[in-house]
Amino acid sequence: MLSAIELIATNWPYWNRSEGADHFFVTPHDFGACFHYQDEKAIGRGILPLLQHATLVQTFGQKNHVCLKGGSITIPPFAPPQKMQAHLIPADTPRSIFVYFRGLFYDTSNDPEGGYYARGARASVWENFKNNPLFDISTDHPSTYYEDMERSVFCLCPLGWAPWSPRLVEAVVFGCIPLIIADIVLPFADAIPWEEIGVFVAEEDVPKLDSILTSIPTDVILRKQRLLANPSMKQAMLFPQPAQAGDAFHQILNGLARKLPHGDSVFLKPGERVLNWTAGPPGDLKPW
């Protein structure tokens with residue numbers, strides 16, 4: 001990372017005038033600019049000090065976490081628009097599945113006991129609801145995965161190693177109410193009314209999921225489904241090629257535009273440096 005910044009700072013005048021305050025970095029990693037897939041090690045690494053002034057555009061957005069930098073733009077992970085489009089079924093298809101999830105509950109290779117992976121949330125879902133008829137949950141990944149989401153009322157979007165997942169995008173696109181089990185900053189909150197379309201459950205409340213969901217009034221569920229049916233909401237979560245009006249790329253541009261213009265206070269005097277160019281994990285200070 002340092003070598004990349006040095007290249008920019010050496011060959012162009014823009015970085016040095018503000019030490020990156022008018023630059024942005026895209027960091028679509030599990031824990032953003034901490035550049036690690038495991039929470040504990042990501043926390044130990046932290047964000048490279050040289051990025052303190054820059055805007056980070058990142059999928060990671062766990063609240064109150066050292067890897068979430070203030071002023072970051074949180075974006076959705078990529079999910080293939082054309083692939084999902086090919087699996088659309090008639091909008092009036094009944095939603096006969098109450099709660100749906102396909103994926104790992106335990107990462108037996110890296111966390112055999114299941115207490116660290118997903119902070120135990122996925123393991124709790126499995127142990128509490130594997131035999132509950134309201135919950136269609138499994139480690140299988142059927143060819144009808146997308147169609148099953150379109151037939152579901154709620155789609156589980158629990159954290160894994162990272163707190164985000166493409167399931168969030170898939171749920172919105174397929175009109176399945178996202179059931180979010182993580183304390184996260186969600187993408188494009190100015191364009192997507194997450195509190196109105198989703199259901200948020202604290203990790204410690206996972207054993208009560210069945211009673212929480214069955215107590216939601218029918219009119220509230222129908223309202224969430226009507227909001228999810230809005231094409232502009234789906235568009236805001238996707239990265240089509242080429243880009244289209246209102247898509248995730250345009251939402252990022254809107255977020256960057258709101259940071260302009262920069263005040264004079266962000267610009268340094270010629271030759272002035274504020275950030276420490278030698279601070280950070282040793283591996284980050286070496287050329288790639």
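In this predicted model, the second largest pocket holds about 220 Å³ of space. Its lining comprises 15 residues. Those nearest the pocket centre are Lys 63, Ala 182, Asp 183, Ile 184 and Phe 200. By class, ten lining residues are nonpolar and five are charged. No polar residue takes part in this lining.

Two of the central residues also pair with each other. The side chains of Lys 63 and Asp 183 form a salt bridge, with an N to O distance of 3.6 Å. Side chains of opposite charge can pair when their charged atoms come close. Lys 63 falls within domain 1, which spans 1-74, and Asp 183 within domain 2, which spans 81-237. Between these two domains the count is one salt bridge.

The domain interface was then examined. The C-alpha centres of domain 1 and domain 2 are 29 Å apart. Contacts involve 15 residues of domain 1 and 13 residues of domain 2. The two domains bury about 1,200 Å² between them. Carbon and sulfur atoms give 54% of that area. On the domain 1 side, Gln 62, Lys 63 and Thr 74 supply 39% of the area buried against domain 2. No other three residues supply more. Lys 63 thus recurs in three settings: among the residues nearest the centre of the second largest pocket, in the salt bridge with Asp 183, and among the three leading contributors to the area that domain 1 buries.

The largest pocket has a volume of about 580 Å³. It is lined by 22 residues, and Leu 88, Glu 150, Val 173, Phe 174 and Lys 234 are the closest to its centre. Three helices, α4 (81-85), α10 (218-228) and α11 (231-235), each supply at least two lining residues. The largest share comes from α4, with four residues. The lining of the largest pocket divides into twelve nonpolar, seven polar and three charged residues. In the second largest pocket, by contrast, the lining has five charged residues and no polar ones.

Across the model, nine salt bridges were counted. One of them joins Glu 203 to Arg 119, with the closest N and O atoms 2.5 Å apart. This pair links distant parts of the chain, the two residues being 84 residues apart. Glu 203 sits in the loop between β8 (199-200) and α9 (209-214). Arg 119 sits in the loop between β4 (97-102) and α5 (121-129).

How values were computed:
Residues are numbered from 1 along each chain as its sequence is written. This is a predicted model: local features need pLDDT of at least 70, side-chain atom pairs count only at pLDDT 80 or more; totals for chains, interfaces and linings use all residues. Side-chain values use heavy atoms; hydrogens and water are left out. On a 1 Å grid over the protein atoms alone, a cavity is a set of points where a 1.4 Å probe fits but cannot get out, and a pocket is an open set with protein on both sides within 12 Å along at least five of seven lines; lining residues have an atom within 4 Å of a point. Grid points are joined across faces, edges and corners, and a volume is the space filled by probe spheres set on the points. Ala, Val, Leu, Ile, Met, Phe, Trp, Tyr, Cys and Pro count as nonpolar, Asp, Glu, Lys and Arg as charged, and the others, Gly among them, as polar. Domain bounds come from an automatic or database domain assignment. Contact means heavy atoms within 4.5 Å. Buried area is the accessible area (1.4 Å probe) that two parts lose on being put together, summed over both. A salt bridge is a side-chain nitrogen of Lys or Arg within 4 Å of a carboxyl oxygen of Asp or Glu.
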